Structure formats: C-alpha cells, structure tokens
Amino acid sequence: MSLSKLSDEELMNRLRDGQDEALNQIIAHWERRLLAFAIRYTQNEADARDITQETFIKVYKNRKKYSVNGCFQSWIL
C-alpha cells in the first residue's frame, strides 16, 4: 500500500518502527495546517515557520513515545 493512503496513526506506527519515509507523508499532510495554526497563534510568519519546522523535528524525536490510543491531531498540535 502507498504511504499516501495511510492514516496518520498508521504513518506514525511505521515511523516508530523505523520507516523514516513515513515522516515525509506526515509533513505533506500536516505542514499547511500547522503553519496556518502557528500564524494565527504568533501573528508572525517567520516565527510560525520555525514553529512548524520544530514540530516535525519533535514528531521524529518522539516517534517512539507515540501511542495510537489518542487522536493524532491533538498529539501533533
């Protein structure tokens, strides 16, 4: 199955299991939404871009801690 067709939870499971390419799909799915959220929050596009980038770094660093029990959207935000 193509990674683009997997749910966020399935992608995180794959990322946690060492399939680093799953992060690319998570970024593709969430980048615009996270950036918009961060712009609304900070009112500063440069800061919002930094926050968005840091979020994906933290997703990768904390991939082993992710649990499917919760909502992915709540976890990433």
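1. Helix axes here are lines fitted to C-alpha atoms, for helices over the stretch in contact, and the angles between them run from 0 to 180 degrees between N-to-C directions. With that in hand, α2 and α3 pack with their axes 8 Å apart and at an angle of about 140°. The helices themselves are DSSP runs (H or I, at least four residues; strands are E, at least two), numbered from the N terminus.

2. A quick word on what you're looking at: this is a predicted model, where local features need pLDDT of at least 70, side-chain atom pairs count only at pLDDT 80 or more, and totals for chains, interfaces and linings use all residues. Residues are numbered from 1 along each chain as its sequence is written, and side-chain values use heavy atoms, with hydrogens and water left out.

3. Back to α2 and α3. Angles under 35 degrees count as roughly parallel, over 145 as roughly antiparallel, 65 to 115 as roughly perpendicular and the rest as oblique; α2 and α3 are therefore oblique to each other. The crossing of α2 with α3 is right-handed, meaning that the near helix is turned clockwise from the far one by less than a right angle (anticlockwise would be left-handed).

4. Who meets whom there? On the α2 side, the residues include Leu-23, Ile-26, Trp-30, Glu-31 and Leu-34, and on the α3 side they include Glu-45, Arg-49, Thr-52, Phe-56 and Val-59. Contact means heavy atoms within 4.5 Å. Sorted by class, the residues of this contact are 13 nonpolar, three polar and four charged. For that sorting, Ala, Val, Leu, Ile, Met, Phe, Trp, Tyr, Cys and Pro count as nonpolar, Asp, Glu, Lys and Arg as charged, and the others, Gly among them, as polar.

5. Now the other helix pair. Helix α1 (residues 8–16) and helix α2 (residues 22–42) have axes that come within 8 Å and cross at roughly 150°, which makes α1 roughly antiparallel to α2. Their crossing is left-handed. From α1 the contact draws on Asp-8, Leu-11, Met-12, Arg-14 and Leu-15, and from α2 on Ala-22, Leu-23, Gln-25, Ile-26, His-29 and Trp-30. In the contact of α1 with α2, seven residues are nonpolar, two polar and two charged.

6. Thr-52 is worth a look inside the α2 and α3 contact. This threonine is found in helix α3 (residues 45–61). Buried or exposed? Thr-52 counts as buried because its relative accessibility is 5%, the cut-offs being under 20% relative accessible area for buried, over 50% for exposed and partly exposed in between (1.4 Å probe, protein chains only). Setting aside residues up to four places away in sequence, Thr-52 touches Glu-31, Leu-34, Leu-35 and Ala-38.

7. One of those partners, Glu-31, sits in helix α2. Glu-31 is partly exposed, since its relative accessible area is 42%. Not counting residues up to four places away in sequence, Glu-31 touches Thr-52 and Phe-56. Glu-31 and Gln-73 are 42 residues apart in sequence, yet 12 Å apart in space, C-alpha to C-alpha.

8. How many salt bridges does the structure hold? There are two, a salt bridge being a side-chain nitrogen of Lys or Arg within 4 Å of a carboxyl oxygen of Asp or Glu. Glu-45 pairs with Arg-49, with the closest N and O atoms 2.7 Å apart. Both of these residues lie in helix α3, four residues apart, about one turn of the helix. Glu-45 counts as partly exposed at 43% relative accessibility, and Arg-49 is partly exposed at 46%.

9. In the other salt bridge, Asp-17 pairs with Arg-16, and the closest N and O atoms are 3.9 Å apart. Asp-17 counts as exposed because its relative accessibility is 57%, while Arg-16, at 24%, counts as partly exposed.

10. Check the backbone at Gln-43 too, in the loop between α2 and α3. Most residues other than glycine have a negative phi. For Gln-43, phi is near 60°, a positive value in a residue other than glycine. Gln-43 is exposed, as its relative accessible area is 65%.

11. Last stop, helix α4 (residues 72–76), where you'll find Ile-76. At 6% relative accessibility, Ile-76 counts as buried. Apart from neighbours within four places in sequence, Ile-76 is in contact with Trp-30, Leu-34, Thr-55, Phe-56 and Val-59. Ile-76 and Asp-20 are 56 residues apart in sequence and 17 Å apart in space, C-alpha to C-alpha.
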